[in-house]
Amino acid sequence: MFGSTKAYSGFSVNDIDAAKKFYGDTLGLRVSEENGMLILHIAGDRDILVYPKQEHTPATYTILNFSVDDIEAAVDELSRRGVRFERYDHLKTDDKGIFRGGGPLIAWFTDPAGNVLSVLQET
C-alpha cells in the first residue's frame, strides 16, 4: 500500500524559531518553513518534519544520527559553533565526549528542545 508513497519522519520541539536557527545555522542544514513547521532537507533527499508542541517532552533516544568521515573534526567544529556534547554515566567518553567503547565512534548532543542527536564515524 505505501511502497511507492513518500514517507518521512518527524519530531517535536518547543520553539520553532530556536530549532530553525540551530538546524540551519549551527548544523548547516537546509531548512524550509511551512504552516508554522520546519522541514529539514538532509542528504539523500530525505525530509524531516519538525513541528511545534507546547507540551513537548524531549526524546529519550537518538532521533538523528549524522554520519561523518572524521568525528574528531566534526566534534571540534560543532564545539566551536556552541554545541555541547553529552556525557552518560553508563558510557565512558573521552574529553571531547566521543564514545570509543565498541561499534562506531559516536558523540551525542541535544538540540535546543532537548532532543538527542549524534555524530558518528563508522569504522
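**Exercise 1. The surroundings of His 41**

Task: Find which residues His 41 touches, not counting residues up to four places away in sequence.

Solution.
- Step 1. Use the contact cut-off: heavy atoms within 4.5 Å.
- Step 2. Leave out residues up to four places away in sequence; His 41 then touches Arg 30, Val 31, Ser 32, Arg 46 and Asp 47.
- Step 3. Look at Ser 32 again. Its side chain and that of His 41 are joined by a polar contact of 2.7 Å. Such a contact is a pair of N or O atoms within 3.5 Å; within protein, one must be able to donate a hydrogen and the other to accept it, and residues adjacent in sequence count only if both atoms are side-chain atoms.
- Step 4. Check burial. His 41 has 17% relative accessibility, so it counts as buried. The cut-offs are under 20% relative accessible area for buried, over 50% for exposed and partly exposed in between (1.4 Å probe, protein chains only).

A note on the model: it is predicted, so local features need pLDDT of at least 70 and side-chain atom pairs count only at pLDDT 80 or more, while totals for chains, interfaces and linings use all residues. Residues are numbered from 1 along each chain as its sequence is written, and side-chain values use heavy atoms, with hydrogens and water left out.

**Exercise 2. The sheet that holds His 41**

Task: Place His 41 in a strand, then give the strand order of the four-stranded sheet.

Solution.
- Step 1. His 41 belongs to strand β3, residues 37-42. Strands (E, at least two residues) and helices (H or I, at least four) are DSSP runs, numbered from the N terminus.
- Step 2. The order is β1-β4-β3-β2, in an open sheet with mixed pairing. Two strands pair if DSSP finds at least two bridges between them.
- Step 3. At the edges are β1 (9-13) and β2 (30-34), each pairing on one side only.
- Step 4. From one strand to the next, the twist averages 25°. Axes are lines fitted to C-alpha atoms, for helices over the stretch in contact, and angles run from 0 to 180 degrees between N-to-C directions.
- Step 5. β2 and β3 run antiparallel and are joined by five bridges. Opposite Ser 32 stands Ile 39 in β3.

**Exercise 3. The three-stranded sheet**

Task: Work out why β5 and β6 each have one side without a neighbour in the sheet.

Solution.
- Step 1. Read the order: β5-β7-β6, an open sheet with mixed pairing.
- Step 2. β5 (62-67) and β6 (105-110) are at the edges with a single partner strand each, so one side of each has no neighbour in the sheet.
- Step 3. Six bridges join β6 to β7 (residues 116-121), and the two run antiparallel. Ile 106 faces Leu 120 in β7.

**Exercise 4. Aromatic pairs**

Task: Count the aromatic pairs and classify the pair of Phe 22 and Phe 109.

Solution.
- Step 1. There are six aromatic pairs. Rings of Phe, Tyr and Trp (its six-membered ring) pair if their centres lie within 6.5 Å; planes under 30 degrees apart count as stacked, over 60 as edge-to-face and the rest as tilted.
- Step 2. Phe 22 and Phe 109 have ring centres 6.5 Å apart and planes at 55°, so the pair is tilted.
- Step 3. Phe 22 is in helix α1 (residues 16-26) and Phe 109 in strand β6, so the pair ties together parts 87 residues apart in sequence. Phe 22 and Phe 109 are buried.
- Step 4. Ring pairs link Phe 11, Phe 22, Tyr 23, Phe 85 and Phe 109 into a cluster.
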